[in-house]
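Please open the model in your viewer and keep the sequence panel beside it. The stops below say what to select next and what is found there.

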Amino acid sequence: MTRPILETEGLTKRFGSLVANDKLSVTVEEDTIHGIMGPNGSGKSTFFNTVTGFYRPDGGTVRFDGEDVTGWKPDEIARRGLARTFQIPSPFEDLTVKENMLAVFTGGLRSGVRVPEEKRARADELLELLEIDHVADQEAGGVSGGQEKLLELGRILMLEPACVMLDEPTAGVNPSLRNRLLDHLETLNDRGTTFVIIEHDMRVIADVCDRVTVFNQGQVLVEGDFESVTGDERVRDAYLGGAAEHDASLETLIGEESTESPSEGAAADTGATADAEPAAEDASTEPTPAAGGGAIPAGGEAAGSAAAATASSAASALSGVGAEPDGEPWLVGEDLVSGYGNHRVVDGVSVESRDGVTCVFGPNGSGKSTLLKTLAGVVPAWEGQVTHRGVDVTGNRPAENVHRGVTMLPQDGGIFGNLTVRENLLLGGYTVGDGAVREERFDEVLSSFPELEGKLDDRAQSLSGGQQMMLSYGRAMMTGAEVYLLDEPSSGLAPSLIDQVFEMTRRLVESGAQVVLIEQNVREALRIADYVYILAQGQLQFEGTPDDLTDEDDLVELYLGLD
Amino acid sequence: MLSSFLPDACCREAAAGAPGAADPLGGLAALAGTVDATAAQAVLGISLPSPTIFAQYFVFAVLLGGIYGLVALGLTMIFGVMDVINFAHGALMVVAMYTVLVFSNATGLSPFFAIPFAVVLLFVLGVLIYRSTIAPIIDAPQENQLIVTFGVLLILISGVEMAFGSDPRQLGLELGSLNISGVFVPQGQLYALVIALVALTATWLFLQRTMLGRAIRGTADNRDGAQYVGIDVPRIDALTFGIGAALAGLAGGVIPLFQSFTPALGDQYLINAFVVVVLGGLGSFPGAFVGGLIIGFIQVFGSAYLDGSSYQILIFLAFILVLLVKPEGLLGGSADE
């Protein structure tokens with residue numbers, strides 16, 4: 001029972017200067033279901049690709065079933081008994097479901113011309129087991145997304161693998177099918193198949209995994225059973241964002257402090273992060289009690305609205321729509337359902353933009369970006385309604401919403417790389433009919449971002465990452481919006497720039513706008529949040545003020561979608 | 001794909017002996033041919049051309065290159081903004097040629113009045129074609145759009161053939177030539193070049209200086225980003241396709257000034273225009289003109305100094321060389337600058 005079936009030692013994979021897998025040593029025991037989790041970009045899929053021979057490792061070894069398979073070709077590894085699926089199923093669309101199963105080359109080219117009886121029997125058995133036998137004679141291109149996933153699983157099981165690696169098997173699968181899939185996994189596991197699964201859905205990990213390995217930045221962070229892993233402070237840091245050192249300017253700007261204190265049961269691990277914040281704590285005028293922990297802002301709301309009140313007159317040119325905070329939600333989404341193809345990503349979510357910064361948190365793949373795009377009109381809503389100031393804007397295109405004063409800042413900033421900085425900013429004012437207003441706003445933006453002034457005639461793509469982000473903020477400000485939808489503006493930026501992002505976000509609020517902000521770095525973002533929504537698996541897990549999130553354990557559970 | 005066009009292109013060169021004949025691209029190539037003949041008599045036995053002859057070729061090359069540049073301009077614009085390869089570009093030119101013919105015959109006015117009319121008509125036609133065929137499949141794979149524009153080409157060309165037949169037509173315009181110290185400058189081509197340069201400048205100024213022009217360039221650069229600043233991308237697409245078609249109209253409108261034409265003429269220009277666009281860099285405006293000049297020079301000097309139509313080989317050798325050395329084209333980039 002404790003025989004290791006798959007072992008990697010010091011497995012390393014580099015892409016240029018990026019070390020995607022950094023000396024990963026993972027041991028998978030036979031007959032277990034082994035979960036691999038970790039935030040986006042932590043190297044999970046690369047690990048799968050390197051283990052199964054799709055990438056050549058730059059170092060380290062892979063041992064499977066007692067044999068060194070390092071550097072083998074993918075098909076050799078698959079026939080040796082280590083099979084895998086991909087995140088996106090890719091059946092042979094013109095073949096029937098059953099033909100897809102039979103197309104598996106169990107013996108390589110020696111499989112021969114004739115399909116042996118036992119192979120047919122196995123295909124029938126698997127189709128029945130996976131409950132897709134009723135579509136056996138349909139073309140695989142026509143079956144549903146969930147059936148595709150099951151077919152993908154069935155197809156690799158034709159190889160009679162000893163170990164199967166599944167890359168996000170439940171992504172985009174509805175709950176009932178997900179449970180069926182998990183049942184099948186457990187049945188197969190009972191029959192002796194080992195599974196290694198990458199999964200973002202924590203309920204899946206909690207339900208079926210015997211052991212869990214957590215990756216972060218290409219390294220193994222923690223290994224253990226689910227409870228011990230999710231209780232580990234390092235895991236929380238990886239998911240919620242560590243409280244990195246940042247300069248005190250933001251704290252002074254928004255007049256709040258950020259306390260970091262150990263939550264119960266993980267005291268030892270938080271020592272370092274707590275130490276990182278003494279300056280902030282000293283500067284604070286109103287320290288929150290340390291109990292419960294979490295970077296919960298204390299005076300954020302009051303300070304924010306006070307600043308907004310004073311700033312709304314000063315920055316009149318920026319609040320072009322003449323927005324004054326009135327306590328009303330301006331942009332409201334009700335029971336929104338949307339997604340891509342037949343893949344439902346946002347599943348009945350109601351959100352409102354409020355005065356100040358409304359934060360949307362959630363793990364990767366929880367539907368945050370899609371929700372924001374649905375609000376902006378980039379992704380059409382399948383169900384539900386979006387209203388702006390009481391007017392139904394559900395069917396609006398994004399351009400129409402910009403005219404109304406609802407602007408979205410896409411995750412990559414969406415700047416025009418080949419156009420100059422000046423042209424980028426001017427195009428931000430595309431919807432502004434009055435040239436004088438555009439000029440005035442242009443000057444306002446430049447005084448907000450003096451760094452851009454000397455770069456006006458440079459191409460936007462020649463700017464540094466931080467400057468590009470400034471430009472995308474500045475360009476968004478040129479639209480004179482009253483509701484800003486910001487999709488992870490800090491992603492891909494150096495940690496030292498995150499404060500700057502929050503400062504600029506705050507500046508939008510000061511101009512009188514309402515801001516909806518998606519952010520991965522929950523602890524940091526909580527410092528400027530006035531209202532919080534937490535999404536998981538496309539559904540709302542929590543909404544309320546940051547003060548309601550007093551217990552970080554609750555936050556972790558909400559965030560990971562554990563109900 | 002291009003190689004399949006080659007025989008066609010060669011045939012046309014073989015026919016390029018008699019000026020005014022129906023041969024496609026006949027005007028310039030044929031003129032070059034006649035001059036070549038007289039020059040050959042003058043310099044019989046001398047291997048190097050006299051400075052006058054050389055200057056003559058140079059003028060022809062520039063004139064021809066300018067036309068190619070103008071033809072490529074609309075093509076490269078539509079590609080730069082929408083990533084759509086517009087196969088109907090040559091057909092749109094043909095529509096413009098016959099528009100100029102009909103307009104001049106009907107009104108008795110100079111063809112120079114017909115050209116602006118053709119440009120406006122082609123703009124409208126372009127917008128209609130965009131709305132009815134491209135817009136519904138703008139998010140489909142590129143080959144779908146390519147096939148649809150190919151379908152538009154067949155419809156347009158067949159329509160023109162049904163209405164006017166496939167016999168060569170001409171305006172009956174005798175513009176003559178200027179003689180500048182022994183160098184002939186055919187006035188038809190000269191006007192065409194001037195119009196091409198004006199069109200380039202005007203289009204460039206429009207794209208650089210106006211808000212709408214910036215919006216077109218912004219959309220070319222980042223379609224997603226464009227919608228976030230309130231640019232109505234489908235409208236910009238319609239406008240771009242309209243302008244591209246109008247430029248095709250301009251190119252088609254000036255061609256009757258110096259050569260006879262048939263419904264098949266558009267395709268022959270289009271083949272070289274594709275080479276020009278790729279040579280200069282997809283989506284690049286100056287690239288279109290640089291590429292046009294290169295092809296113009298290769299064609300004129302090649303047909304003067306090489307046997308038969310070997311210059312065609314030279315065109316595609318240059319094409320392949322550029323693709324090898326600088327795959328994005330000589331001035332590859334986006335529609336701006």
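What percentage of the 563 residues of chain A count as buried? The answer, computed on what is a predicted model, is 51%.

**Chain A as a whole**

Colour chain A by secondary structure, and the display should come to 22 helices and 21 strands. If you then turn to the contacts in chain A between residues at least 6 apart in sequence, 72% of them join residues at least 24 apart.

**Two positive phi values in chain A**

Most residues other than glycine have a negative phi, and the next two selections are worth viewing with that in mind. Select Lys23(A), whose place is in strand β2 (residues 18–24) of chain A, and check its phi, a positive value near 50°. Lys23(A) is partly exposed, because 15 other C-beta atoms lie within 10 Å.

Move next to Glu131(A), in the loop between α4 (117–129) and α5 (145–157) of chain A, where phi is again positive, at about 60°, although the residue is not a glycine. Is Glu131(A) buried or partly exposed? With 14 C-beta neighbours inside 10 Å, Glu131(A) counts as partly exposed.

**A strand residue and a helix pair in chain A**

Select Tyr340(A), which lies in strand β12 (residues 331–340) of chain A and counts as exposed, since it has 10 C-beta neighbours inside 10 Å. Add Trp382(A) to the selection and draw a distance between the two C-alpha atoms: the residues are 42 apart along the chain, and the separation is 9.9 Å.

Now show helix α16 (residues 421–428) and helix α19 (residues 465–478) of chain A, whose axes come within 6 Å and cross at roughly 35°. On the α16(A) side, display Val421(A), Asn424(A), Leu425(A) and Gly428(A), which meet Leu471(A), Gly474(A), Arg475(A), Ala476(A) and Met478(A) in α19(A). By class, this contact of α16(A) with α19(A) has five nonpolar, three polar and one charged residues.

**Where chain B touches chain A**

Show both chains and select the residues that form the contact, 18 from chain B and 23 from chain A. On the side of chain B that touches chain A, the elements giving two or more residues are α8 (211–221) and α9 (223–228) of chain B, and the largest share, six residues, comes from α8(B). Coloured by class, that side of chain B has five nonpolar, seven polar and six charged residues.

**Chain B and its annotated spans**

Hide chain A and look at chain B, in which there are 13 helices and two strands. Of its 337 residues, buried ones make up 54%, and residues 24 or more positions apart account for 75% of its contacts with a separation of 6 or more.

An unreviewed UniProt entry lists several spans of chain B as "transmembrane region", among them residues 112–134 and 270–298. Select residues 112–134 of chain B, a span that is 100% helix and 0% strand, with its end C-alpha atoms 31 Å apart. Then select residues 270–298 of chain B, where the chain is 86% helix and 0% strand and the end C-alpha atoms are 17 Å apart.

**Helix α4 of chain B and two partners**

Finish with helix α4 (residues 89–107) of chain B, shown together with helix α10 (residues 233–254) of chain B: their axes come within 7 Å and cross at roughly 55°. That angle makes α4(B) oblique to α10(B), and the crossing is right-handed. The contact includes, from α4(B), Leu92(B), Val95(B), Ala96(B), Met97(B) and Val100(B), and, from α10(B), Ala245(B), Ala248(B), Gly249(B) and Gly252(B). By class, the contact of α4(B) with α10(B) has ten nonpolar, four polar and no charged residues.

Keep α4(B) on display and swap the partner for helix α11 (residues 265–280) of chain B, where the axes come within 8 Å and cross at roughly 135°. Here too α4(B) is oblique to its partner, α11(B), and α4(B) passes α11(B) in a right-handed crossing. His89(B), Gly90(B), Ala91(B), Met93(B) and Val94(B) in α4(B) meet residues of α11(B) that include Leu265(B), Asp267(B), Tyr269(B) and Ala273(B). This contact of α4(B) with α11(B) has seven nonpolar, three polar and one charged residues.

Notes:
Residues numbered from 1 in each chain as written. Chains lettered and ligands numbered in written order. Predicted model: local features only at pLDDT ≥ 70, side-chain atom pairs only at ≥ 80, totals over all residues. Axes fitted to C-alpha atoms, helices over the stretch in contact; angles between N-to-C directions. Helix = DSSP H or I, 4+ residues; strand = E, 2+ residues; numbered from the N terminus. Parallel < 35°, antiparallel > 145°, perpendicular 65-115°, else oblique. Left-handed = near helix turned anticlockwise from the far one by under 90°. Contact = placed C-beta atoms within 7 Å. Nonpolar A, V, L, I, M, F, W, Y, C, P; charged D, E, K, R; others polar. Buried ≥ 20, exposed ≤ 12 C-beta atoms within 10 Å, placed from the backbone. UniProt positions renumbered as here; feature names shortened; annotations may be inferred.
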